[in-house]
Amino acid sequence: MTLGSVDLHPWFLENAWLIPLIPAVSFVAILAFGKRLGAKAAWIGIGSVGAVWLLALGNVFQWIQRVNGFRATESEHGAPEGHLEAVSAFGRSVMRPFSEASHHEVAFVEPITRSMSWWSNGGMSLDVGIRIDGLAVMMLFVVTTISLLVHYYSTEYMKDDRRFTHYYAALSLFTASMLVLVVADNTVQLLVGWELVGLCSFLLIGHWWEDKPNSSAALKAFLTTRTGDIGLLCGVAMTYFVVERATGTGSFNIGAVNEAAMSLGHEGLAKSLLFWCAAGLLLGIIGKSGQFPLHTWLPDAMAGPTPVSALIHAATMVVAGVYLGARMFPVFFQGFDIAGGGVNLMAAVGGITVIIGAGLAFVQRDIKKVLAYSTISQLGYMVMALGVGAWSAAIFHLFTHAFFKANLFLGAGSVSHSGAHHSFDMVDDMGGLRKYMPKTFATFMIGTAALSGFPLLAGFFSKDEILATAGHNGFEFFMYLGFIGGGMTAAYMTRCVWLTFFGEYRGRKHAAHGHDEHSHDDNGHTEPHESTFPILMPLYVLSFMSVFAGILFAPMLKDTIGSSIFSKFPEWVEPGGDGSLFVSFIHPEFSWKDPLLATLFAAVGFGLSYLFFWKKAFMQDATQKNKALRQGKTFLENKYYLDHLYTDIIVGSVKGPIARGAYWVNQNIIDAVLRLTGGGVRKVGQFTYDVLDQKAVDGVPNGLAAITGAAGGSTRNVQTGRLQEYALLILSGTVVLGGMVAALVWAS
Amino acid sequence: MLASTVVVERARDFPLLTFLIVLPFVGAIATMLTPKHRPEWAKAVAFLVSATTLGMSLWMLAAFDKATHGYQFDVSHNWIGNLGVRFSLGIDGISLFMVVLTAVLFPIGLLASVNEPKFKEFATWMLMLQASVVGVFAALDLVVFFIFFELVLVPMYFLIAGWGHGNRAYAATKFFLYTMAGSAFLFVGILTVAYLYTKSGHALTFDVGNITEWISTDGAISTRTARLLFLAFAVSFAVKVPLFPLHTWLPDAHTEAPTAGSVVLAGVLLKMGTYGFLRFAIPMFPAAAHYFAPVLLTLSVVGIVYGAIVATMQPDLKRLIAYSSVAHLGFVVMGTFALTTPAILGGLFTMLSHGLTTGALFLLVGMLYDRRHTRLIADFGGLWKSIPVLSALFLVATFASIGLPGFSGFVGEFMSLLGTYVTRPWWAVVATSGVILAAVYLLWAFQRSFTGEPTGENVGLRDISLRELVCVGPLLGLSLFLGFYPQPVLDRMKVTVEDFMGHLENSTGYIEPESPNPEPVDVHNDSPNEEAASH
């Protein structure tokens with residue numbers, strides 16, 4: 001290929017394999033030297049992630065160069081210039097593969113791929129490698145940025161923790177595993193990273209395993225996501241056969257799978273294979289990305305240290321599912337026939353999750369649980385976006401959400417660390433904190449505004465793009481679902497902010513210990529106060545991103561101001577092409593209807609919540625008076641009874657009656673049949689014993705017993721009388737054997 | 001280059017396999033003959049012998065040529081001339097790692113048992129057991145195989161009965177009788193095959209190669225006879241594996257056996273069953289194996305799920321791990337009877353991997369027992385705080401056993417599943433749930449035993465000693481190494497497994513779906529997916 005302006009061997013992109021490797025080395029180093037270094041061990045982690053962050057930045061710049069080079073070359077070769085206008089062309093039909101509107105194409109930007117064989121057998125080869133494209137580069141940037149900030153934040157937040165070095169070792173391992181997942185060029189490597197981040201999540205949720213709720217939460221998280229992994233394992237296996245069906249030779253390579261999925265079409269057996277493959281992968285996404293009905297682990301996962309919640313359970317690991325959905329999008333696109341419109345499994349799962357997550361966020365007392373349910377709801381948006389074909393919007397929301405949700409989580413950590421004696425209970429231990437911690441308050445408000453879709457902030461643009469594309473692609477139902485979800489988001493965040501920062505301080509100002517999850521005591525922390533720099537700095541950075549990250553994909557600003565900066569995100573991240581390698585996307589033309597509607601819904605949500613909590617304007621004791629409302633609240637407080645269903649009914653029955661029943665069958669039927677057979681044979685043996693020469697027989701067991709005595713010494717418990725019977729058994733068995741041989745010979 | 005050639009050449013000339021069998025036998029006798037008042041002599045002899053066998057097996061591993069078809073290091077001596085029994089030994093990719101695993105696990109088992117009472121007798125039985133097990137994996141003559149297969153029972157019986165726990169007499173006897181009963185079928189099968197062979201005009205022989213070749217000629221034996229004979233072999237091996245529902249001897253034997261007994265029982269003795277399928281039952285009766293494959297697949301998949309479910313409710317940590325063996329070995333049998341190259345390789349790899357991980361788990365439970373004199377999960381709690389290193393190793397072993405990527409278990413199970421998916425997708429899907437269930441019972445047990453605050457007798461225990469670390473470290477290290485870099489092992493298995501599949505295809509006309517084929521193979525031909533497609 002001759003590409004004049006394209007650097008064919010960009011160093012950062014080609015060496016992206018270093019990115020997961022460095023934190024992996026850091027993990028080993030912290031394990032090996034952490035104890036000796038003490039608190040300094042953190043700097044091994046920070047140093048390695050810092051280096052990785054620089055590499056990720058290098059990737060970002062070189063990728064942008066590459067995109068520009070490819071697209072410039074393409075226009076030299078006669079493709080239409082000003083493709084951005086072309087991208088804005090309208091029409092759902094163009095979403096189909098092999099679209100007739102191929103003259104609207106934007107050049108496909110070749111990803112950088114490198115791989116080597118990991119292991120191969122019987123014609124199946126499993127590789128390790130990197131696949132660096134816009135999506136991966138975006139994710140590298142997000143993961144390393146948040147990870148770096150969390151590493152730094154933790155030096156203060158986790159100071160004097162009883163397992164400080166373990167904590168940093170696990171953070172490094174997590175970062176490495178997550179990056180293995182991100183750069184993966186094949187589905188098996190993706191699966192490997194996926195399982196390893198699950199392991200780290202398990203270790204970090206259960207970091208304070210002295211308390212049973214923490215280890216239970218860790219176990220629940222691991223097992224619930226693993227339930228989804230049943231589907232993922234099957235789905236990954238099927239990706240191999242997807243390629244095999246299309247080309248004759250199977251492969252796990254992500255590029256090959258996507259190309260195969262695009263070429264297979266959706267008729268007959270191919271459609272069914274793709275459907276099951278997509279369904280399997282979707283189950284994995286449901287588990288990992290906290291989608292209904294396997295979302296129940298995520299709120300419990302808040303038992304882990306707060307920086308972990310920000311990194312793993314808000315910004316990175318939980319979006320691994322969304323990332324998988326975006327990575328393998330052609331499989332879903334074809335398997336679920338997303339271009340066909342209507343309702344599909346993926347959009348439905350996401351849509352339900354948006355609403356149920358937001359609903360549950362209303363009744364939480366724990367600030368982290370509000371944020372956890374909010375994360376579930378926002379992940380629902382992303383999955384729904386994929387389900388309605390809003391690919392770019394989904395990953396853009398992933399991008400912005402990572403910043404503002406990490407901001408909120410770290411803000412909650414700051415509040416708890418310095419303002420609430422390590423409690424997260426908004427009702428009992430917070431209130432009025434804006435006076436004590438103005439900086440945390442300011443950053444938290446920015447995060448809240450961004451999440452609630454305050455105009456011109458990051459969440460506003462990303463959510464808006466999802467809903468606009470949903471409407472444009474013919475998924476009006478999901479678009480309205482999204483608007484309603486947006487209103488609910490504004491409302492529950494208003495409640496959260498009110499309980500935390502406004503009103504009077506309700507905590508014990510002189511408490512020696514809160515409901516602490518920490519080892520270090522808070523001597524001198526008698527008054528709520530502002531946090532120190534290591535905690536505030538990440539908040540500032542994330543607040544900045546919460547405000548400005550949205551402009552990279554802002555059709556509204558592009559429409560009014562017109563600069564190309566407002567559409568850079570899709571330009572850099574979308575693969576482009578003619579629809580044979582990946583789905584090619586068409587963005588809806590900007591319409592004022594969407595942002596106005598979204599703002600309206602959010603404003604109504606905010607307004608109702610404001611009136612209810614601040615002004616006590618209406619229905620203050622509605623749940624006391626109205627039975628239906630009370631029941632509704634109970635229903636929410638019990639988390640739709642899903643935990644009861646899983647823990648008490650499903651798991652309980654497997655651990656309890658089903659396991660006991662199986663064991664009963666084991667002991668009383670399977671084993672008994674054999675005991676009875678044995679008994680029967682023994683009776684035959686007794687008979688043989690009576691008619692055979694006893695003395696000759698006696699010699700055998702006696703001899704055996706003599707050896708036993710000589711060699712074992714302690715085998716006197718073995719009754720020699722029983723041994724006699726067994727020897728007899730053997731003897732009588734010989735007769736039976738002879739008969740069997742005869743029978744077999746006769747049968748031939 | 002030159003040095004390695006010399007290693008290989010010397011190994012070819014040297015009767016390595018004979019030595020690997022004879023040396024432990026001689027060592028057993030030598031250990032027995034050491035004077036009673038010099039217990040250190042017994043230790044010296046036993047460790048010297050088992051270390052030597054380890055060294056020799058590693059030599060063999062280094063000299064093994066991965067490209068060679070057929071058996072290597074083969075020897076054949078006339079033994080019982082007028083019965084046609086020859087003392088023939090040889091190894092190939094199927095048996096190589098079983099022999100090496102045996103040589104690795106026995107020294108570790110001995111090292112873990114130095115504090116057993118009557119160590120001299122203990123070591124004598126262990127060395128006898130080692131010799132017999134190597135004999136099983138190396139024998140190429142049906143009679144020699146059968147003799148070793150039976151000989152294994154004797155030392156194992158005495159190890160359980162002599163050094164076991166509470167209910168050892170019952171467990172030992174059950175183990176002995178159960179597998180003896182299974183062996184009866186094997187014995188019948190061997191005699192019948194040999195008889196039919198002579199009846200067709202050949203001189204009497206028990207050589208596996210000759211008999212297999214004869215059976216695969218057209219019309220040697222009828223389809224019905226082949227099926228009956230396959231069943232006779234299969235029942236015997238299924239008991240040994242153990243395959244559901246013939247597994248009930250295993251938890252008892254494991255629970256009551258001393259630590260080293262459990263390690264070698266899980267590590268290599270169970271594999272005698274799966275090895276028997278691969279070496280004898282399937283190659284000798286390929287058509288019958290193909291015919292009965294759905295039955296065996298179903299039983300193995302039931303075993304995977306059933307073993308896991310029953311394991312969740314076990315109050316005894318050792319019994320729990322015993323049931324996990326039922327589930328893991330289910331993967332091996334499933335992979336074997338999926339009859340595809342990746343699945344069989346996966347099964348073989350799982351055999352090796354399970355020996356390492358379950359061996360490590362049994363060692364660790366043994367260490368807990370040494371400290372707390374109980375194996376009941378309810379008696380433990382908060383151990384992570386009192387014995388952090390041992391607990392961390394237990395967690396590592398747990399994840400290795402679960403089959404987390406990065407450990408050998410993942411490679412084996414993933415390949416078994418994938419290879420099974422080619423021919424039997426729905427069995428593979430059900431088996432996948434076993435992967436998740438393994439996490440349920442093991443991590444739940446871990447939570448109850450190791451997390452929380454330690455109370456009562458769980459406080460102030462001694463953490464792992466250097467000797468214990470030397471026992472368990474290599475197993476976990478190997479599992480980790482093979483999880484990252486399985487290729488060397490797979491390379492040495494590959495040629496044999498491909499020949500195995502080639503033999504199957506030649507003699508049955510059964511085409512392995514995964515074989516290179518210009519036409520895309522329709523893997524879903526016989527799956528219910530068609531119904532879904534019609535919607």
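# Exercises on a predicted two-chain model

Chain A of this predicted model has an average pLDDT of 78, and 78% of its residues score at least 70.

## Exercise 1. Confidence along chain A

Task: Find which helices of chain A mark the lowest and the highest confidence, and pick out stretches with pLDDT below 50.

Solution.
Step 1. Take the bottom of the range. Helix H4 of chain A, residues 83-87, has a mean of 34, the lowest in the chain.
Step 2. Take the top. Helix H13 of chain A, residues 320-327, reaches 93.
Step 3. Look at the stretch around residues 78-103 of chain A. Its pLDDT is below 50, yet the model gives it 53 contacts beyond near neighbours in sequence.
Step 4. Go on to residues 692-721 of chain A. Here pLDDT also stays under 50, and the model has 39 contacts beyond four places in sequence.
Step 5. Draw the practical conclusion. Where pLDDT is low, predicted coordinates should not be read in detail.

## Exercise 2. Chain A as a whole

Task: Describe the make-up of chain A: how many helices and strands does it have, and what share of its residues is buried?

Solution.
Step 1. Count the elements. Chain A has 30 helices and 2 strands.
Step 2. Turn to burial. Chain A has 748 residues, and 62% of them count as buried.
Step 3. Check the surface. About 26,800 Å² is exposed, with 65% of that supplied by carbon and sulfur atoms.
Step 4. Check the contacts. Among chain A contacts with a separation of 6 or more, 79% link residues 24 or more positions apart.

## Exercise 3. One residue in a helix of chain A

Task: Place A:Ala393 in the structure, and say which residues it contacts outside its sequence neighbours.

Solution.
Step 1. Locate it. A:Ala393 sits in helix H17 of chain A, residues 391-419.
Step 2. Assign its burial. A:Ala393 has a relative accessible area of 2%, so it is buried.
Step 3. List its partners. Leaving aside neighbours within four places in sequence, A:Ala393 contacts A:Ser462, A:Glu465, A:Ile466, A:Thr469 and A:Phe553.
Step 4. Set a distance beside this. A:Ser172 is 221 residues from A:Ala393 in sequence, and their C-alpha atoms are 30 Å apart.

## Exercise 4. Salt bridges

Task: State how many salt bridges the chains hold, then work through individual pairs, including B:Lys174 with B:Asp252.

Solution.
Step 1. Start with the total. Over all chains there are 17 salt bridges.
Step 2. Take A:Lys159 and A:Glu156. Their side chains form a salt bridge, 3.4 Å from N to O. A:Lys159 is partly exposed at 39% relative accessibility. A:Glu156 is buried at 16%.
Step 3. Take B:Lys174 and B:Asp252. This salt bridge spans 2.7 Å, N to O. B:Lys174 belongs to helix H8 (residues 168-199) of chain B and B:Asp252 to helix H11 (residues 249-256) of chain B, so the pair ties together parts 78 residues apart in sequence. Both B:Lys174 and B:Asp252 are buried.
Step 4. Take B:Lys385 and B:Glu453. The closest N and O atoms of this salt bridge are 3.6 Å apart. B:Lys385 lies in helix H17 (residues 383-386) of chain B, and B:Glu453 in the loop between helices H20 (425-450) and H21 (466-484) of chain B, so parts 68 residues apart in sequence are tied together. B:Lys385 is partly exposed at 38% relative accessible area. B:Glu453 is partly exposed at 47%.
Step 5. Widen the view. Shared partners join A:Arg162, A:Arg163, A:Glu210, B:Lys385 and B:Glu453 into one salt-bridge network.

## Exercise 5. Inside and outside in chain B

Task: Sort three sites of chain B: is helix H12 mostly covered or open, is B:Gln130 buried or exposed, and which residues form the nonpolar surface patch with B:Phe481?

Solution.
Step 1. Begin with helix H12 of chain B, residues 259-269. The helix is mostly covered, with 11 of its 11 residues buried. Among them are B:Thr259, B:Ser262 and B:Leu269.
Step 2. Move to B:Gln130 in helix H5 (residues 119-138) of chain B. At 1% relative accessibility, B:Gln130 is buried.
Step 3. Find its polar partner. The side chains of B:Gln130 and B:Thr53 make a polar contact at 3.1 Å.
Step 4. Add the other contacts. Beyond four places in sequence, B:Gln130 touches residues including B:Pro24, B:Ser50, B:Thr102, B:Ala103 and B:Phe106.
Step 5. Finish at the surface. B:Leu478, B:Leu480, B:Phe481, B:Phe484 and B:Tyr485 form a nonpolar patch with about 500 Å² of accessible area together. B:Phe481 lies in helix H21 of chain B, and its relative accessible area of 45% makes it partly exposed.

How values were computed. Residues are numbered from 1 along each chain as its sequence is written. Chains are lettered from A and ligands numbered from 1 in the order in which they are written. This is a predicted model: local features need pLDDT of at least 70, side-chain atom pairs count only at pLDDT 80 or more; totals for chains, interfaces and linings use all residues. Side-chain values use heavy atoms; hydrogens and water are left out. pLDDT is the predictor's confidence in each residue, from 0 to 100. Helices (H or I, at least four residues) and strands (E, at least two) are DSSP runs, numbered from the N terminus. Contact means heavy atoms within 4.5 Å. Buried means under 20% relative accessible area, exposed over 50%, partly exposed in between (1.4 Å probe, protein chains only). A salt bridge is a side-chain nitrogen of Lys or Arg within 4 Å of a carboxyl oxygen of Asp or Glu. A polar contact is a pair of N or O atoms within 3.5 Å; within protein, one must be able to donate a hydrogen and the other to accept it, and residues adjacent in sequence count only if both atoms are side-chain atoms. Patches are made of residues with over 30% relative accessible area and no salt bridge: like charges are joined within 9 Å, nonpolar side chains (Val, Leu, Ile, Met, Phe, Trp, Tyr) within 5 Å. Accessible areas come from the Shrake-Rupley method with a 1.4 Å probe; for residues, only the protein chains shown count as cover.
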